[in-house]
Amino acid sequence: MVAVLAAGKASRFGGGKLDADLEGRSVGRWVLDAIESAGLMRRFIVTGPDAPRFASDASGWQVIVNRHPERGLSGSVEAARRQAVAQQADLLLVLADMPLIGPHHLRELVATPGSTATRYPDGRLGVPALIRKSDQDWLANLTGDSGAGRVLAEIPRLTGVDAAPHTLLDIDDAAGLEEVRQRLD
């Protein structure tokens, strides 16, 4: 099961980041397209109370609302974890502001035995990450708005999967959006 985390306020961007135009598609739509191209059919989007347009318009996607996005990323991860536990499913966490992440990398995470996380060029582990059912309790240790890397590093036998560094760009501000645009050119 795939959870696209899209509940942030995008305050550094000035709001509306996930609906910003990127080569004729919204930033968030790029991520949904990668997941669909990977053939991952059990999926949902975690939004705040005011869902971005890309999520509201996403046909075939369930939307789960994180009623307290101001508490940070951990609230969205917890909403995703609860959904996966209820469905007795493994959980692939993907950020909606990483438009260059590709379907090949997502398929590789899913195909690797055990829980897996993206290994960044500096060696740290992060999202996208696949947390198997047996390891999902570890996600309850995530607090605030810090990334999942600390918690991922605690999961025993977690495998790091490399991705092309340029695909790991996330958009935090206008400069980040411009950097992604330049990569696409």
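Where in the chain is the place of Ala-3? In the predicted model, Ala-3 lies in strand 1. The surroundings of this residue are described below, after the overall form of the chain.

The chain has six helices and nine strands. Its radius of gyration is 15 Å, close to the 16 Å that the globule rule gives for 185 residues, and the chain is therefore as compact as a globular protein of that length. Taken along the principal axes, the box filled by the C-alpha atoms is roughly 40 × 35 × 30 Å. Of the 185 residues, 52% count as buried. Among contacts between residues at least 6 apart in sequence, 65% join residues at least 24 apart. The accessible surface of the chain comes to about 8,700 Å², and carbon and sulfur atoms account for 47% of this area. The chain carries 21 positive and 24 negative charges, and the mean positions of the two sets are 6 Å apart.

Helix 3 comprises 15 residues, from 73 to 87. From its first C-alpha to its last, helix 3 reaches 21 Å, close to the 21 Å expected at 1.5 Å a residue. The buried residues of this helix are Ser-74, Ser-76, Val-77, Ala-79, Ala-80, Arg-81, Gln-83 and Ala-84. An α-helix has 3.6 residues a turn, so residues three or four places apart point the same way. The buried residues of helix 3 pack against four named elements: strand 1 (2–6), strand 4 (43–47), strand 5 (62–65) and strand 6 (91–95). Just after the helix, Gln-88 adopts a positive phi of about 50 degrees.

Ala-3 illustrates the packing around strand 1. Because its relative accessible area is 0%, Ala-3 counts as buried, the cut-off for that class being under 20%. When neighbours within four places in sequence are left aside, Ala-3 is in contact with Phe-44, Ala-80, Leu-91, Leu-92, Leu-93 and Val-94. One of these partners, Ala-80, is also listed among the buried residues of helix 3. Between Ala-3 and Asp-137, which are 134 residues apart in sequence, the C-alpha to C-alpha distance is 16 Å.

His-68 is found in the loop between strand 5 and helix 3. With a relative accessible area of 35%, His-68 is partly exposed, whereas Ala-3 is buried. Along the chain, His-68 and Gly-48 are 20 residues apart, and their C-alpha atoms are separated by 7.1 Å.

Conventions. Residues are numbered from 1 along each chain as its sequence is written. This is a predicted model: local features need pLDDT of at least 70, side-chain atom pairs count only at pLDDT 80 or more; totals for chains, interfaces and linings use all residues. Side-chain values use heavy atoms; hydrogens and water are left out. Helices (H or I, at least four residues) and strands (E, at least two) are DSSP runs, numbered from the N terminus. The radius of gyration is taken over C-alpha atoms; the globule rule is 2.2 Å times the number of residues to the power 0.38. Buried means under 20% relative accessible area, exposed over 50%, partly exposed in between (1.4 Å probe, protein chains only). Contact means heavy atoms within 4.5 Å. Accessible areas come from the Shrake-Rupley method with a 1.4 Å probe; for residues, only the protein chains shown count as cover. Lys and Arg count as positive and Asp and Glu as negative; His and the chain ends are not counted. The place of a charge is taken as NZ of Lys, CZ of Arg, CG of Asp or CD of Glu. The expected span of a helix is 1.5 Å times one less than its number of residues.
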